[in-house]
Amino acid sequence: MVREDGKRNFALRETDGDEESVYSGNTPRQAALKAARRLEPGNSEEAADRTELRLREKGTDKVHIYDGWAWRESAPDNKPDWMPGEITEANVSKKGIEHLES
């Protein structure tokens, strides 16, 4: 379901079907990137562990499936004062969409 501001809510599904975290975004990928940033980061993008992320779009039976990974990286030179020297970056790769059984 689309909110008034155009964003949609996506619930992160655990393997047992529990949905404890909700991420919002204009697209499923945007919500998946937010979820991936909360993964345990690796030392580099190549060394980061890939984790399957299953995001159910609220109000629908669609589950968007992504592989997500996160890594630590030095902050850019032009970073704002409040930003730490090391930040977490993330990326996702879409695997597909499933529909839940009713």
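1. Let's start with Pro76. In this predicted model, Pro76 has a relative accessibility of 40%, so it counts as partly exposed. You will find Pro76 in the loop that runs between β4 (62–74) and β5 (86–99). If you want a second landmark for that loop, take Ile87: its C-alpha atom is separated from that of Pro76 by 9.3 Å, and the two residues are eleven residues apart along the chain.

2. Now a step back to the whole chain. There are one helix and five strands, and reading from the N terminus the order of the elements is β-β-α-β-β-β. The C-alpha trace spans about 50 × 35 × 20 Å along its principal axes. The chain has 102 residues, and buried residues account for 32% of them.

3. Next come the charged pairs. Side chains of opposite charge can pair when their charged atoms come close. Searching the whole structure turns up eight salt bridges. The next points go through some of these pairs.

4. Which residue forms a salt bridge with Glu57? The partner is Arg8, and the closest N and O atoms of the two are 3.0 Å apart. This pair ties together distant parts of the chain, as Glu57 sits in strand β3 (residues 51–57) and Arg8 in strand β1, 49 residues apart. The side chains of Arg8 and Glu57 are also listed as joined by a polar contact of 3.0 Å.

5. Are the two partners in that bridge buried or exposed? Glu57 has a relative accessible area of 6%, so it is buried. Arg8 is buried as well, because its relative accessible area is 18% and the cut-off for buried is under 20%. When you look at this pair on screen, then, you are looking at a salt bridge between Glu57 and Arg8 with a buried residue at either end.

6. Glu52 deserves a visit too. The side chain of Glu52 meets that of Lys95 in a salt bridge of 2.7 Å, N to O. Here again distant parts of the chain are linked: Lys95 belongs to strand β5 and Glu52 to strand β3, with their positions 43 residues apart in the sequence. Glu52 also meets Arg54 in a salt bridge, at 3.4 Å from N to O.

7. How accessible are these residues? Glu52, at 40% relative accessibility, counts as partly exposed. Lys95 is at 48%, so it counts as partly exposed too. Arg54 has 22% relative accessibility and is therefore also partly exposed; the buried class is reserved for values under 20%.

8. The pairs in point 6 belong to a wider arrangement. Which residues are linked in a network of salt bridges? They are Glu52, Arg54, Asp67, Lys95 and Glu98. It may help to display these five side chains together, with Glu52 as the starting place, since the bridges to Arg54 and Lys95 were described above.

9. Finally, a look at the surface. Glu14, Asp16, Asp18 and Glu20 form a negative surface patch. One of them, Glu14, lies in the loop between β1 (8–13) and β2 (19–25). Glu14 has a relative accessibility of 40% and so counts as partly exposed.

Terms used: Residues numbered from 1 in each chain as written. Predicted model: local features only at pLDDT ≥ 70, side-chain atom pairs only at ≥ 80, totals over all residues. Heavy atoms only, no water. Patch = residues over 30% accessible without salt bridge, like charges linked within 9 Å, V, L, I, M, F, W, Y side chains within 5 Å. Areas by Shrake-Rupley, 256 points an atom, 1.4 Å probe, with all protein chains shown as cover. Salt bridge = Lys/Arg side-chain N within 4 Å of Asp/Glu carboxyl O. Lys, Arg positive; Asp, Glu negative; His and termini not counted. Charge placed at Lys NZ, Arg CZ, Asp CG, Glu CD. Helix = DSSP H or I, 4+ residues; strand = E, 2+ residues; numbered from the N terminus. Buried < 20%, exposed > 50% of the residue type's maximum accessible area, 1.4 Å probe, protein only. Polar contact = N/O pair within 3.5 Å; in protein donor to acceptor, adjacent residues only side chain to side chain.
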